[in-house]
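Student: I'd like a close look at a single part of this model, along with whatever surrounds it. Please take me through it in one connected account.

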Amino acid sequence: MPVKQDNSQTMPLISFIITYYNLPPAMLRECVGSIVGLNLNRHEREIILVDDGSAANPMEYLEEWGSDIIYIRQENSGLSAARNTGISAAKGDYLQIVDGDDKLIKTGYDKCIEILKANKPDMLMFLLTNSISANNSQTFSVTTGIEYMLHNNIRSTACGYLFRKDILNGHAFTCGVLHEDDEFTPLLMLKAKNLADTTINAYWYRERANSITTNNDKTAVQRRLDHKRDGIFRLQHACLALADKQREALDRRIAQLAMDYIYTIIMDDKPSLAKRLGELRQHALYPLPNKSYTSKYKWFRIISGNKLGIRFLSYSLPLIKRER
């Protein structure tokens, strides 16, 4: 049951939106425990658990925190829909997306909370890690979201930052797709008038075999590629409504996603390469736009821009991956 809000209390500083679907109870307990253990009092935090139609009610494993959790159950509708449900219910000034099998790193996240309170940015970005002994440096800089995108390769994952709820202005995750963060994050970042970028390891993510993003079944691979492609094209369409600097910033992100898409085709579904490159060509995304965003982008653009280069990449990239 949802926790009743006392109208005499101020709204929470951060709403933590946990999405859950048929995960081992121990993982969910670890996730919730990492939030409860942060340097936030009960009135500063709001924990929203969105159950996307799991087989069993997960709250029976979270009894000691029952009064701290707003539990929402919905019919199975996918990750994006679950996140959107949590966002709609959230009352916090800031939102943090959390996957139910991950957890927050106390030392790093507490530092992020300090920066948040002192600087009040629209977005605060931190690093994700799956290494227990990860370095936890604590540097940060502040800029606008547009300027950041013009000069940096962004980290798309929506779990990798806090953001002020009021900058959403109707923006939401696209439902029924994979790689939804590739669309959500850059369009949100364009709205950030001040963005704090940190090098703090604050979020620990779990790599699980046979997950949506690691399943190597042919059908699953093709579905992931289809969704990557469609997301790139939707971002390209979104550019039409943007002002000059915003369009320039998003164009950079689109080109980088197209580069990653070509790389993934070569690695995971080489037989579809010619067809998929043709689709990119129809959208003026292949050959890749003639920009020098980074050294890696520049050289990949040059090499991949003709049949001989594509043939070289098709041979060399799998060998490089195996050597690693």
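Tutor: Contact here means that heavy atoms lie within 4.5 Å of each other. Bear in mind that this is a predicted model.

Let's take helix α5, which runs from residue 181 to 189. Of its 9 residues, 8 are buried, so the helix is largely enclosed by the rest of the structure. Those buried residues are Asp181, Asp182, Glu183, Phe184, Thr185, Pro186, Leu188 and Met189.

Now to what surrounds the helix. Phe163 is a good place to begin, since Phe184 and Leu188 are both among its contacts beyond four places in sequence. Phe163 also reaches Tyr94, Leu95 and Ile97, and strand β4 spans 94–99. Asp93, Asp122, Met123 and Leu168 complete that set of contacts. Phe163 and Met123 reappear in the largest nonpolar core, which has 95 residues: together with Ile14, Ile18, Leu49 and Tyr109, they touch the most other members. Helix α7, residues 244–268, supplies the largest share of this core, with 12 residues. In soluble globular proteins, nonpolar side chains tend to be buried together.

Helix α5 also helps to cover another helix. In α2 (residues 79–89), the buried residues are Ser80, Ala81, Ala82, Arg83, Asn84, Gly86 and Ile87. Their cover includes α5 along with strands β1 (14–20), β2 (45–51) and β4.

Then there is the cavity. Searching the whole structure for cavities of 30 Å³ or more turns up 1, and its volume is about 40 Å³. Its lining consists of Leu178, His179, Asp182, Glu183, His227, Lys228, Gly231, Ile232 and Arg234. The elements that give two or more residues to this lining are α5 and α6 (218–238). α6 contributes the most, with 5 residues. By class, the lining comprises 2 nonpolar, 3 polar and 4 charged residues. Asp182 and Glu183 thus belong both to the lining and to the buried residues of α5.

A last point concerns the cysteines elsewhere in the chain. No pair forms a disulfide, the search of the whole structure having found 0. For Cys159, the closest cysteine sulfur is that of Cys31, and the 9.2 Å between the two is too far for a bond. Cys159 counts as buried because its relative accessibility is 2%, and Cys239, at 5%, is buried as well; the cut-off for buried is under 20%.

How values were computed
Residues numbered from 1 in each chain as written. Predicted model: local features only at pLDDT ≥ 70, side-chain atom pairs only at ≥ 80, totals over all residues. Heavy atoms only, no water. 1 Å grid on protein atoms, 1.4 Å probe; cavity = no way out; pocket = protein on both sides within 12 Å on 5 of 7 lines; lining within 4 Å. Points joined across faces, edges and corners; volume = space filled by probe spheres on them. Helix = DSSP H or I, 4+ residues; strand = E, 2+ residues; numbered from the N terminus. Nonpolar A, V, L, I, M, F, W, Y, C, P; charged D, E, K, R; others polar. Core = buried A, V, L, I, M, F, W, Y, C linked by side-chain atoms within 4.5 Å. Buried < 20%, exposed > 50% of the residue type's maximum accessible area, 1.4 Å probe, protein only. Disulfide = S-S within 2.5 Å.
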